[in-house]
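Here's a quick tour of a protein chain for you to follow along with on screen. Keep the sequence and the 3D view open while you read.

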Amino acid sequence: ALTPAGGYTATDISWATVSASDDVLGLFSAGAPTSLTIPAALNGARVRLKSTLTINGDATANDVLIEFKKNGASFSGKGQFAGAFAYSQTVSLETAPVTVATGDYFTVSVMMNLSRTLSTGDQCWLALEVLE
């Protein structure tokens with residue numbers, strides 16, 4: 001479970017979608033959709049979620065916390081970064097394999113000091129890997 005840094009508020013990252021009707025892959029963009037939704041074609045599939053975030057600014061241990069959520073709730077697997085870094089850090093996380101159903105949605109929640117920012121462009125992304 002995440003150990004919140006004092007006084008920080010968790011925020012779901014927004015993603016710019018590949019197309020207006022498709023939210024299965026994206027780049028960070030304020031005001032865009034925050035969730036990746038499983039389409040009907042992947043009902044019952046086992047997948048892994050992967051995300052890479054570039055965080056600008058210095059951080060002490062537990063200053064930046066990142067978590068994957070399925071349907072709004074935490075689930076097992078990798079999904080947290082709580083290390084210290086200077087200047088900026090690119091953090092890559094992936095979940096353990098998870099079985100999905102049509103309409104399941106995934107978010108990446110970030111808790112960090114307001115003096116830090118996330119990079120835009122292709123430095124922050126969320127992707128779905130279909131395993132079987």
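A salt bridge here is a side-chain nitrogen of Lys or Arg within 4 Å of a carboxyl oxygen of Asp or Glu. By that rule, the count for this chain comes to 3 salt bridges. One thing to keep in mind is that you're looking at a predicted model.

**The overall build**

- The chain has 12 strands and 0 helices, so if you read the elements from the N terminus on, you just get β after β.
- Out of 132 residues, 36% count as buried.
- Take the contacts with a separation of 6 or more: residues 24 or more positions apart account for 73% of them.
- About 6600 Å² of the chain is exposed, and carbon and sulfur atoms supply 53% of that area.

**The salt bridges**

- Side chains of opposite charge can pair when their charged atoms come close.
- R48 pairs up with E129, and their closest N and O atoms are 3.2 Å apart. This pair links distant parts of the chain, with R48 in strand β5 and E129 in strand β12 (residues 125–130), 81 residues apart.
- Are these two partners buried or partly exposed? R48 counts as buried because its relative accessibility is 18%, under the 20% cut-off, while E129 counts as partly exposed at 28%.
- K50 forms a salt bridge with E129 too, again with 3.2 Å between the closest N and O atoms. K50 sits in strand β5 and E129 in strand β12, 79 residues apart, so here is another link between distant parts of the chain. K50 is partly exposed, with a relative accessible area of 28%.
- D104 and K70 meet through their side chains at 3.7 Å, N to O. D104 lies in the loop between β9 (98–99) and β10, and K70 in strand β6, so this bridge ties together parts that are 34 residues apart in sequence. D104 counts as buried, at 11% relative accessibility.
- Which residues end up in one network through shared partners? They are R48, K50 and E129.

**The aromatic pair**

- Searching the whole structure turns up 1 aromatic pair. The rings belong to F75 and F106, and their centres are 5.8 Å apart.
- Why is the pair called edge-to-face? The planes of the two rings are at 70 degrees, and an angle over 60 counts as edge-to-face.
- F75 is in the loop between β7 (73–74) and β8, whereas F106 is in strand β10, so the pair links distant parts of the chain, 31 residues apart.
- The partners have their own surroundings: F75 is partly exposed, with a relative accessible area of 22%, and F106 counts as buried at 1% relative accessibility.

**The nonpolar core**

- The largest nonpolar core has 27 residues, and the ones that touch the most other members are L53, I55, I66 and V108.
- Which strands each supply at least two residues of this core? Look for β5 (46–56), β6 (64–70), β8 (88–94) and β10 (105–112).
- Click on V108 and see what's around it: leaving out residues up to four places away in sequence, V108 touches T11, D12, I13, W15, S51, L53, I66, E67, F68 and L126. Among them, L53 and I66 also belong to the group of core residues that touch the most other members.

Methods. Residues numbered from 1 in each chain as written. Predicted model: local features only at pLDDT ≥ 70, side-chain atom pairs only at ≥ 80, totals over all residues. Heavy atoms only, no water. Core = buried A, V, L, I, M, F, W, Y, C linked by side-chain atoms within 4.5 Å. Buried < 20%, exposed > 50% of the residue type's maximum accessible area, 1.4 Å probe, protein only. Helix = DSSP H or I, 4+ residues; strand = E, 2+ residues; numbered from the N terminus. Contact = heavy atoms within 4.5 Å. Phe/Tyr/Trp six-rings, centres within 6.5 Å; stacked < 30°, edge-to-face > 60°. Areas by Shrake-Rupley, 256 points an atom, 1.4 Å probe, with all protein chains shown as cover.
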